[in-house]
Amino acid sequence: MREEIEFGSKSMKKKKKVAAITSFKLLKFHVKFSKKRKRIQKRAKKKITRKKKELVIAVEGVSPLVEKYWFQRYNLFSRFDEGIRMDEEGWFSVTPEEIAIKHAERCGGGTVIDCFTGVGGNAIQFARMCYHVVAIDIDPRKIELAINNARVYGVEDYIDFIIGDFFNLASSLKGDVVFLSPPWGGPTYNSVSSFTLDLLKPKDGYSIFQEAQKITSNIIMFLPRNVDLNQVEELSWLSCPPLDVEVEENYVQSRLKGITAYFGKTAFLPGSVS
């Protein structure tokens, strides 16, 4: 009788052990299944998000070249949804609004000549500070877009828009500050380790700067983040005596977006490069 009881106990233990092993296998299978399901869900979510982006881009008519800029549109124009219009070049050449505001704050008043106005990002912010702005661009389409965008911000009455070549107009212009944001050559500017001033368009940076000096020595120049700072400092020596210069880094959401050089009276720190 005692042997039967002991035998029964061993049998029960064996059954419990088998049950425990089975439960562990089921648990392990459940964990694996859960991980697999999460991976599937994650892939599906990414696919849906990608499809949504593709649909939005198709509706907006944004090309793949400027797709990433479209998703940053509110950094470019905070009132984008109120009727802002852009062309392809405008997407990657317009100054982010936060930086454009900083430029406007540094002008100090009077008449500002925006020599390469593009779709009007900087001109709008100068005008919002109640400055008189002369906005120039050689492309009639750009001027059309800039006028539209100025209307969105309600500042079109502060801006005189001119379709023309800055190099042909410079000697006849009068202003207190010249703002230079010449084309950087497209998104590929960042592919070089050191951006030299000869890469600027439509002429090299030295020629553009000298042309601006025909108007005033108070010049603000917005340049790529990887620009050669030694060359920027050299620009101040084109005047006699050399101009005061201050160089600052411009960030948007903790990301370095460009370099601004302030010359003449627009420089807070005479003779400094930071």
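## Rings, core and strands: a walk through the model

The structure holds 12 aromatic pairs. Take Trp-70 and Phe-71 to begin with: their ring centres are 5.1 Å apart and their planes stand at 90°, so this pair is edge-to-face. What about their surroundings? Trp-70 counts as buried because its relative accessibility is 5%, whereas Phe-71, at 36%, counts as partly exposed. Now look at Phe-126 and Phe-179, whose ring centres lie 5.4 Å apart with the planes at 70°, so that pair is edge-to-face too. This pair links distant parts of the chain: Phe-126 belongs to helix 6 (residues 121–128) and Phe-179 to strand 4 (residues 177–180), 53 residues apart. Are these two rings buried or exposed? Phe-126 has 0% relative accessibility and so counts as buried. Phe-179 is buried as well, with a relative accessible area of 1%.

Rings can also join up in groups. Here, ring pairs link Tyr-74, Phe-80 and Trp-91 into a cluster. And rings can have a charge for company. Go back to Trp-70, and you'll find the charged end of Arg-73 sitting over its ring, 3.6 Å from the centre. Lys-203 does something along those lines with Phe-167: Lys-203 lies over the face of that ring, at 4.4 Å from the ring centre.

Before going on, keep in mind that you're looking at a predicted model. The protein averages a pLDDT of 86, and 76% of the residues score at least 70. Over residues 1–5, though, the pLDDT is below 50, and in the model this stretch has zero contacts beyond near neighbours in sequence. So much for confidence; now for the overall layout. The protein has 10 helices and seven strands. Of its 274 residues, buried ones make up 43%. If you take the contacts with a separation of 6 or more, 65% of them are between residues 24 or more positions apart.

Next, head inside. In soluble globular proteins, nonpolar side chains tend to be buried together. In this model, the largest nonpolar core has 67 residues, and Phe-77, Met-86, Leu-180 and Phe-263 touch the most other members. Strand 5 (residues 219–223) gives this core its largest share, five residues. Which residues does Met-86 touch, leaving aside those up to four places away in sequence? The list is Leu-76, Phe-77, Phe-80, Trp-91, Val-94, Val-119 and Leu-145. You've met two of these names already, since Phe-80 and Trp-91 are in the ring cluster with Tyr-74.

Strand 5 is also a good place to start on the strands. Strand 5 runs antiparallel to strand 7 (residues 255–263), and four bridges join the two. You can spot Phe-222 standing opposite Thr-260 in strand 7. Strand 7 pairs with strand 6 (residues 245–252) too, again in the antiparallel sense, over eight bridges. There, Tyr-251 stands opposite Leu-256 in strand 7.

How many residues lie between the strands in the hairpin of strand 6 and strand 7? There are two, and in this hairpin Gln-253 takes a positive phi near 50°. That's a positive phi in a residue that is not a glycine. Gln-253 is exposed because its relative accessible area is 61%, and exposed means over 50%.

Cys-130 is another residue to check for its backbone. Its phi is near 70°, a positive value in a residue other than glycine. Cys-130 is found in the loop between helix 6 and strand 2 (132–137). At 55% relative accessibility, Cys-130 counts as exposed.

Finally, look at two peptide bonds that lead into prolines. The bond from Lys-201 to Pro-202 is cis, with omega near 0°. Pro-202 lies in the loop between strand 4 and helix 9 (205–212). The bond from Cys-240 to Pro-241 is cis as well, with omega near 5°. You'll find Pro-241 in the loop between helix 10 (229–235) and strand 6.

Note on methods. Residues numbered from 1 in each chain as written. Predicted model: local features only at pLDDT ≥ 70, side-chain atom pairs only at ≥ 80, totals over all residues. Heavy atoms only, no water. pLDDT = per-residue confidence, 0-100. Contact = heavy atoms within 4.5 Å. Core = buried A, V, L, I, M, F, W, Y, C linked by side-chain atoms within 4.5 Å. Buried < 20%, exposed > 50% of the residue type's maximum accessible area, 1.4 Å probe, protein only. Phe/Tyr/Trp six-rings, centres within 6.5 Å; stacked < 30°, edge-to-face > 60°. Lys NZ or Arg CZ within 6 Å of the ring centre and 35° of its normal. Pairing = 2+ DSSP bridges.
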